[in-house]
Every structure is written in structure tokens, then in C-alpha cells.
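Here are some notes to read with the model open beside you. Take them slowly, and find each residue on screen as you go.

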Amino acid sequence: MTWAVTIAIEDGLSAEPEVVTRLRKGDLDSLTDLIPLYQQSLYRYLYRLVNDQAAAEDLFQDTWLRAAQNIRRYDPARSFHHWLFSIAHNLAIDYLRRRKPEVLAADFVPAATLQESALQQMLDAEVSAELSRAVGDLPAMYREVLTLRFQEGMKLEQIAQVTQTPLATVKSRLHRSMQYLRERFL
Amino acid sequence: MKSHNEVRGRLPLAAAGALTRDEQVEVEAHMAQCPECREEFARLEALRMGLANLPSPSPPPFLAQKTAHIVRRRLEAVEERRWRIRTIAFLVAFTWVVTLAAWPVVRWVAGIEILTWLLYSTVWGWLTAGCAALILGLHAKHTREEL
């Protein structure tokens, strides 16, 4: 797989309302403009959640199909970005439940602590890859919160909305996952 | 004033920017006089930066185009199916209206009673509808295979 460093949400989301309005009016051509706006962030979110390239690709397509089928139910007062991610969340959770052995939100035990020097090298590619693996080892619910907070730049309230969980649960998952990574790395 | 341990427990959320304003103020006030917590916070900050800069998986080439194409085809197939169902429902209703409206003429010409007329019409109706359903089913199967 090709990896590329991408921070936050792609450019072009400012065009969201107009394209979304076109889709709401039944213009299926608007999908050609709309999907690329979310391609990177939605795929990344799904990939981090399910840890599987093929599954992430299928879920990406299913998310857009579900979004296009239900676009009339979308409330324009709400962020399309968050609405889309909540659809993706539901589909991914269904997939993970079917896929069994992975545990969605079980307790996890911190692994062996790495060397102190890891902190200074945090931005080093090797450490970054190690951190990526550590995130991948977390249960899906914790990976999800970390991805939405740090890669999608969502506020806790927005994460609660997307994941349809209480704010306190989001906070607790964020706290525990940070604590886990802190103990594993530093 | 929060105790050292209470503040320390909040540091992961402070680094994640997930504390309320009041909590953040308390944490900052404590850190101003606690080098140990300042050091811990700096580590968590580095972790936060590492998380924000994780390598991002690249989507497969043409994923957006492929998705747009698939979604479009599936929605069109659904719309066509709806149209077919509406058409069949209209034709069934139309057939019954014509059958009932034609009965006075049939009785005048052939002297057939209404129950006999309805029996004949129903048998012919089912045969015709069966053929129509078969043709539409084959067409739908062909469309699905194309998708």
C-alpha cells in the first residue's frame, strides 16, 4: 500500500453545500464532484477502523450508496461531513461485529514500554510507523476516537454525534487510549 | 485547588484539547508550579503531534470514480424497479376497470352472466400477467448481470 502523510481534512470542502444541494435535488452527476472531496478522510477513517484495505474500500462504496439513498433525510442544518461519517460508523461497526475475533471496545493491557528516546524521535518515520501499529493494536472504538480527534480534527461533541455515544464515553475512550499509548511509548 | 494526582490524571485529556475551560485553567495553574507535570504534559503533547501526523493510508486509484459509477448504476436500477412496479400496478388496475366496464356490452352481445365473465377475465388476466412477469423478470436479471 502507498502511504502519504495527510493532515486534517482535504481542501475543497468549502464547496460542500452546493454539491450536496445538487445531490438532494436528485442530480447523480454531483457524486462525481462530491465523492473526491471526502475520498481521503473517509477512506482513512474506515481503514483505521477496520484495519483492512479491501473491507475499507467496500465500506467506502456502501457508505456513499447509503448516503445517496437517504440524502432526502439529511438535515442541511447539520454538517454533511458528520452525517456521512455517522453512516460510515454504523456500516463499519456492523462489519466488525460480523467479522468476529476483533473486540470492539474491550479492556486492553498496555504492552512493554519502549525506550525513552522514542519521545525525541516521535516524528521520525520509524517511530511514526510504530505508533501507527500501536494505534492499530487498540480495540476499534479507541482507534476510532483517536482518528476522529487527531486526524479529522473533530471536537468531542462531534465525535459523540458521529459515533452515537455519550460525550462521557468519548472522553473516557480518548483518555484511556492516550494513557495506553503514553505508557507504551514514553 | 486540585491535588497533584488529580491534575496528572487529567493531563492526557489536556494534551488532547478535551478539557473544559475551567479544567484547563486548573491544569495550567498547577503546571505553572509543578515541573513534573510540565514534563509529563510535554511528553503527551509530543504524542498528540505524533498522532496528528500518522502516515495516512492512500485510497486505491480511481476509488472515487468507481464509487460514483457503482452508486449511480445501483440507484438507477432501484428507480427502474420502482417504475416497473408502478407500471404493473397501473396496468392491473386499468385491466380491472376495463373488464368491469365491458361487462354490460358482453351481456348484451353474448348474454354471459357477470360471474362467468369475471372468471374468464381472471383466467386470461393471470395468463397475461404471468407472461408479463416472466418477461420483466428476465429483463431485470439481464440488468443485474450488467451491473
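The points below start with chain A as a whole, then go through some helices, their contacts and a few single residues.

1. **A first look at chain A.** Please keep in mind that this is a predicted model. The secondary structure of chain A consists of eight helices and one strand. Reading from the N terminus, the order is β-α-α-α-α-α-α-α-α, so you meet the strand before the helices. Chain A has 186 residues, and 54% of them are buried. Now look at its contacts with a separation of 6 or more: 69% of these join residues 24 or more positions apart.

2. **Helix H2 of chain A.** Find residues 30-50, which form a helix of 21 residues. From first C-alpha to last, H2(A) reaches 28 Å, close to the 30 Å expected at 1.5 Å a residue. Where does H2(A) bend? The place to look is Gln39(A), where the bend is about 55°. Of the 21 residues in H2(A), 18 are buried, so the helix is largely enclosed by the rest of the structure.

3. **A neighbour from the other chain.** Gln39(A) comes up again when you look at Ala64(B), a residue in helix H4 of chain B. Setting aside residues up to four places away in sequence, Ala64(B) touches Ile35(A), Pro36(A) and Gln39(A). Is Ala64(B) buried or exposed? With a relative accessibility of 5%, Ala64(B) counts as buried, because the cut-off for that word is under 20%. Within its own chain, Ala64(B) is 47 residues from Gly17(B) in sequence, and their C-alpha atoms are 33 Å apart in space.

4. **Two residues with positive phi.** Just after H2(A) comes Asn51(A), in the loop between H2 and helix H3 (53-69) of chain A. Its phi is positive, about 60°, although Asn51(A) is not a glycine. Asn51(A) is partly exposed, with a relative accessible area of 38%. Gln164(A) also deserves a look: this residue lies in the loop between H7 and H8 of chain A. Gln164(A) is not a glycine, yet its phi is positive at about 55°. The relative accessible area of Gln164(A) is 48%, which makes this residue partly exposed.

5. **H7 meets H8 in chain A.** On either side of that loop are the two helices themselves. The axes of H7(A), residues 156-163, and H8(A) come within 9 Å and cross at roughly 110°. The two helices are therefore roughly perpendicular to each other. H7(A) contributes Leu156(A), Glu157(A), Ile159(A), Ala160(A) and Thr163(A) to the contact, while H8(A) brings Leu167(A), Val170(A), Lys171(A) and Leu174(A). Sorted by type, these residues are six nonpolar, one polar and two charged.

6. **H8 of chain A on its own.** H8(A) has 19 residues, and its span from first C-alpha to last is 27 Å, close to the expected 27 Å. Which residues of H8(A) are buried? Among them are Val170(A), Leu174(A), Met178(A), Leu181(A) and Phe185(A), and the list also includes Arg173(A), Arg182(A) and Arg184(A). The buried residues pack against H5 (125-137), H6 and H7 of chain A, together with H1 and H3 (35-52) of chain B.

7. **H8 of chain A meets H1 of chain B.** Here the contact runs between chains: H8(A), residues 167-185, packs on H1(B), residues 4-15, at an angle of about 100°, with the axes 9 Å apart. That makes the two helices roughly perpendicular. On the side of H8(A), the contact is made by Lys171(A), Leu174(A), His175(A), Met178(A) and Gln179(A); on the side of H1(B), by Gly9(B), Pro12(B), Leu13(B) and Ala15(B). Five of these residues are nonpolar, three are polar and one is charged.

8. **Two more buried residues.** Ala140(A) belongs to helix H6 of chain A, residues 140-151. Its relative accessible area is 0%, so Ala140(A) is buried. Ala140(A) and His89(A) are 51 residues apart in sequence, but their C-alpha atoms are 11 Å apart in space. In chain B, look for Arg84(B) in helix H4, residues 63-110. Arg84(B) is buried too, with a relative accessible area of 12%. Apart from neighbours within four places in sequence, Arg84(B) is in contact with Leu136(B), His139(B) and Ala140(B).

Key: Residues numbered from 1 in each chain as written. Chains lettered and ligands numbered in written order. Predicted model: local features only at pLDDT ≥ 70, side-chain atom pairs only at ≥ 80, totals over all residues. Heavy atoms only, no water. Helix = DSSP H or I, 4+ residues; strand = E, 2+ residues; numbered from the N terminus. Expected span 1.5 Å × (residues − 1). Bend = angle between axes of the 7 residues up to and from the residue. Buried < 20%, exposed > 50% of the residue type's maximum accessible area, 1.4 Å probe, protein only. Axes fitted to C-alpha atoms, helices over the stretch in contact; angles between N-to-C directions. Parallel < 35°, antiparallel > 145°, perpendicular 65-115°, else oblique. Contact = heavy atoms within 4.5 Å. Nonpolar A, V, L, I, M, F, W, Y, C, P; charged D, E, K, R; others polar.
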